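Here is a short tour of one chain and two of its residues. Have the sequence and the 3D view open as you read.

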Amino acid sequence: MTRYFTEDHEWIEVNGDSATVGITHYAQSQLGDIVFAEVPAAGATLKKGGDAAVVESVKAASDVYAPVSGTVIEGNAALEGDPALVNSDPEGEGWFFKLTLSDSSELDSLMNSTAYQAFVDGL
Amino acid sequence: MSEEDDFELEPIEILELPLDAWHRDKGARMVEFAGYHMPIQYEGIIAEHIWTRENAGLFDVSHMGQLMLTGDGAAQALEALVPGDISALSEGKMRYSLLLAEDGGVLDDMMITAVPMGLYVVVNGAVKWDDMGYLREYLPDEITINNMEDRALLALQGPKAVDALKRVVPGVDALYFMEAGSFFWGPKTDPEPLWISRSGYTGEDGFEISVPGTHAKALADQLCAQPEVKPIGLGARDSLRLEAGLPLYGHDMTPDVEPVEANAAFAISKRRRAEGGFAGSDRILNALANGPARKLVGLSVEGKMPVREGAPIFAGVAQVGVVTSGGFGPSVGAPIAMGYVDAGHNASGTMLEAEVRGKRVSITVANLPFVPHHYHRKGANI
């Protein structure tokens, strides 16, 4: 399993031709208290860089983009009852959705964890 | 992810307030607001909000304009531009009022206090320069407008604010809601006079303290050393005032609305209703007599998804309003909002829908405030 990151602060963990997507620790720390998350329904088709989910803090709504193109397998139903999971465990239990990749070559443009850490340190 | 922030960036130089370094030392996240670097949060908006409702929160609101109007007849002159009975204010009494355009539109909301020198007026930071220009244009030349830029403004809010502040500034507990006075603070050999009012914008009991900018850090340090007090950012200030049903200027109130629409008819004093004679009084008194075409109301939101500023409001297929403030209410434990809704659809209990990202959400017109006010009123049973 390999984890990649985007400049928009999503992470994607790839396992074969499927993957899990969420937002990073850095992203949740910038957003503050998460009070609502809207995840895509199974079967939804996502395009790399397109709107995939919504995360709302007390003060603002933010879009979560699809790191790669694909078809949604499952949205994280746990976020409906406990959106604060995105704060407490953003890179684990607070995942947003799982999808089937339609073009794994899209992963080539993403960062690995070392590159992402350097990117965040430069912000 | 991209953040659609509520706080707009200003293209001009961002200014620093006296407590800038103090906020950063306390771990604040700073944002640009009203042209200044301001703390939006320290430990987190929800925790800060709840702390203020249960204890005492210290807010830096030094971006707001502190104006002193002096000169003979200042109160009468100001009454041409505001709908409150300012002449009747006795020394140390204050009143919430509205600065009105010629057509009755609301240019700002403000606190006006009668002081020995004249009138002490606190206005919103984002429009303070416009306010000063407007006042200068419309007030007689004999009235002097002094912008007290050298003073900071701190708000200490919450049920334990009085316990903390009276330890630091003896005697402040004698004030009731909407009263103000001068109090000495510091060593007996070299006391500093502070101007303190029992007022605020959270719905809780509390105080607002005008202090020379040079002394702001020492006062903030001393207040935060009290066990009841933590520093609180603008994020919680916004959620607290929304739960308290208090309008945010520039969002819930703009030059496009007059006071009756803006649910601020209480700010039009009895004598002024009878006499008129203020900017836009024909339009405003007509709205008072016949009811406004639309009104600012509270909106309870079904479910957990926040309904925010700009969301259209529908009764069936017809749009009947728009949300002007909305978010999550930490003490309510649910999303809440305020917005303008047309006559015929704005009675408390009316079921409507708001549209968020193309989806309809059920909302209900609600009585304001969402969280009861806890002011220390004179004559109230406590």
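## Overall build of chain B

In this predicted model, chain B folds into nine helices and 20 strands. Its radius of gyration is 21 Å, close to the 21 Å that the globule rule gives for 382 residues, so chain B is as compact as a globular protein of that length. If you would like a feel for the dimensions, the C-alpha atoms fill a box of roughly 70 × 50 × 50 Å along the principal axes.

Of the 382 residues in chain B, 58% are buried. Looking at contacts with a separation of 6 or more, 65% of them join residues 24 or more positions apart.

## Surface and charge

The accessible surface of chain B amounts to about 15,800 Å². Carbon and sulfur atoms account for 52% of that area.

On the charge side, chain B carries 32 positive and 53 negative side chains. The centres of these two sets are 7 Å apart.

## A look at B:Ser199

Now let's visit a single serine. B:Ser199 sits in the loop between strand S12 (192-197) and strand S13 (206-212). Is B:Ser199 buried or exposed? With a relative accessible area of 2%, B:Ser199 is buried, because the cut-off for that label is under 20%.

Setting aside residues up to four places away in sequence, B:Ser199 touches B:Met94, B:Gln157, B:Phe177, B:Met178, B:Gly206, B:Phe207 and B:Glu208. There is also a polar contact of 2.7 Å between the side chains of B:Ser199 and B:Ser197. As for B:Trp51, it is 148 residues from B:Ser199 in sequence, and the C-alpha atoms of the two are 18 Å apart in space.

## A look at B:Asp252

The next stop is an aspartate. You will find B:Asp252 in the loop between helix H7 (234-243) and helix H8 (270-275) of chain B. B:Asp252 has 0% relative accessibility and therefore counts as buried.

Which side chain does the side chain of B:Asp252 meet in a polar contact of 2.8 Å? The partner is B:Ser325. B:Ser325 also appears among the residues in contact with B:Asp252 once neighbours within four places in sequence are left aside. That list further holds B:Arg241, B:Leu246, B:Pro247, B:Leu296, B:Thr324, B:Met338 and B:Tyr340.

Conventions
Residues are numbered from 1 along each chain as its sequence is written. Chains are lettered from A and ligands numbered from 1 in the order in which they are written. This is a predicted model: local features need pLDDT of at least 70, side-chain atom pairs count only at pLDDT 80 or more; totals for chains, interfaces and linings use all residues. Side-chain values use heavy atoms; hydrogens and water are left out. Helices (H or I, at least four residues) and strands (E, at least two) are DSSP runs, numbered from the N terminus. The radius of gyration is taken over C-alpha atoms; the globule rule is 2.2 Å times the number of residues to the power 0.38. Buried means under 20% relative accessible area, exposed over 50%, partly exposed in between (1.4 Å probe, protein chains only). Contact means heavy atoms within 4.5 Å. Accessible areas come from the Shrake-Rupley method with a 1.4 Å probe; for residues, only the protein chains shown count as cover. Lys and Arg count as positive and Asp and Glu as negative; His and the chain ends are not counted. The place of a charge is taken as NZ of Lys, CZ of Arg, CG of Asp or CD of Glu. A polar contact is a pair of N or O atoms within 3.5 Å; within protein, one must be able to donate a hydrogen and the other to accept it, and residues adjacent in sequence count only if both atoms are side-chain atoms.
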